[in-house]
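This report describes the arrangement of helices, aromatic rings and annotated spans in one protein chain. Look at the sequence and the structure first, then read on.

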Amino acid sequence: MSADAPPYTPFFGAMGATAAMAFSALGAAYGTAKSGTGIAAMSVMRPELIMRSIIPVVMAGIIAIYGLVVAALIANSIDANYDLFRAFCHLGAGLSVGLSGLAAGFAVGVVGDAGVRGTAQQPRLFVGMVLILIFAEVLGLYGLIVALILATKSKN
């Protein structure tokens with residue numbers, strides 16, 4: 001920690017890493033659970049479509065990876081020269097990727113659940129479902145981009 005930084009400075013960086021991982025994992029877990037229940041309901045009617053319907057679960061899992069990347073980046077940046085400016089940037093980075101990952105996970109879960117159930121009834125819906133899932137997933141990617149910019153900021 002730098003000489004002029006208060007002793008609680010690393011707390012804000014640690015909270016940024018925690019927020020990145022916790023919120024993005026919450027979003028990924030919700031997306032996985034919600035779309036997983038849709039897959040289970042759909043597989044009773046059309047078991048041959050199970051592997052095709054795994055896409056929402058995979059996309060939900062990617063959201064957690066975004067949070068993991070930012071959390072690891074922040075955690076590795078906390079060192080002896082850690083100052084308050086970087087700590088607040090890291091807190092903002094963690095909240096950015098975490099909360100956008102939470103929102104993306106909710107969107108992927110809802111779309112995945114309804115999409116796989118609808119695809120079981122009308123297979124032509126599949127392409128539309130994948131496109132909507134991409135638009136839901138990109139919300140988490142936007143948070144990752146902002147988080148990477150914030151996490152790599154320095155005072156100079």
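A helix axis is a line fitted to C-alpha atoms over the stretch in contact, and the angle between two axes runs from 0 to 180 degrees between N-to-C directions. The model discussed here is predicted.

**Two packed helices**

Helix H3 spans residues 84–121, and helix H4 spans residues 126–151. Their axes are 7 Å apart and meet at an angle of about 175 degrees. Angles over 145 degrees count as roughly antiparallel, so H3 is roughly antiparallel to H4. The residues in the contact of H3 with H4 divide into 19 nonpolar, 10 polar and one charged.

**Annotated spans**

In an unreviewed UniProt entry, the annotation "domain: V-ATPase proteolipid subunit C-like" covers residues 15–74 and 91–150. The entry, which is unreviewed, also lists residues 12–33, 54–75, 95–114 and 126–151 under "transmembrane region". The table gives the computed helix and strand content of some of these spans, with the distance between their end C-alpha atoms.

| Span | Helix | Strand | End C-alpha distance |
|---|---|---|---|
| Residues 15–74 | 85% | 0% | 10 Å |
| Residues 91–150 | 93% | 0% | 9 Å |
| Residues 54–75 | 95% | 0% | 32 Å |
| Residues 126–151 | 100% | 0% | 37 Å |

**Aromatic rings**

Two rings count as a pair if their centres lie within 6.5 Å. By this rule there are four aromatic pairs. In one of them, the ring centres of Phe11 and Phe12 are 5.6 Å apart and the planes stand at 75 degrees, so the pair is edge-to-face. Phe11 has a relative accessibility of 48% and therefore counts as partly exposed.

Another pair is Phe12 with Phe88: the ring centres are 4.8 Å apart and the planes are at 50 degrees, so this pair is tilted. Phe12 belongs to helix H1 (residues 9–45) and Phe88 to helix H3, and the two are 76 residues apart, so the pair links distant parts of the chain. Is Phe88 buried or exposed, or does it fall in between? With a relative accessible area of 43%, Phe88 is partly exposed.

Tyr8, Phe11, Phe12 and Phe88 form one aromatic cluster.

**A charge over a ring**

Which residue lies over the face of Phe126? Arg52 does, at 4.0 Å from the ring centre.

Note on methods. Residues are numbered from 1 along each chain as its sequence is written. This is a predicted model: local features need pLDDT of at least 70, side-chain atom pairs count only at pLDDT 80 or more; totals for chains, interfaces and linings use all residues. Side-chain values use heavy atoms; hydrogens and water are left out. Helices (H or I, at least four residues) and strands (E, at least two) are DSSP runs, numbered from the N terminus. Angles under 35 degrees count as roughly parallel, over 145 as roughly antiparallel, 65 to 115 as roughly perpendicular and the rest as oblique. Ala, Val, Leu, Ile, Met, Phe, Trp, Tyr, Cys and Pro count as nonpolar, Asp, Glu, Lys and Arg as charged, and the others, Gly among them, as polar. UniProt positions are given in the numbering used here, feature names are shortened, and annotations may be inferred rather than shown by experiment. Rings of Phe, Tyr and Trp (its six-membered ring) pair if their centres lie within 6.5 Å; planes under 30 degrees apart count as stacked, over 60 as edge-to-face and the rest as tilted. Buried means under 20% relative accessible area, exposed over 50%, partly exposed in between (1.4 Å probe, protein chains only). A charge sits over a ring if NZ of Lys or CZ of Arg is within 6 Å of the ring centre and within 35 degrees of the ring normal.
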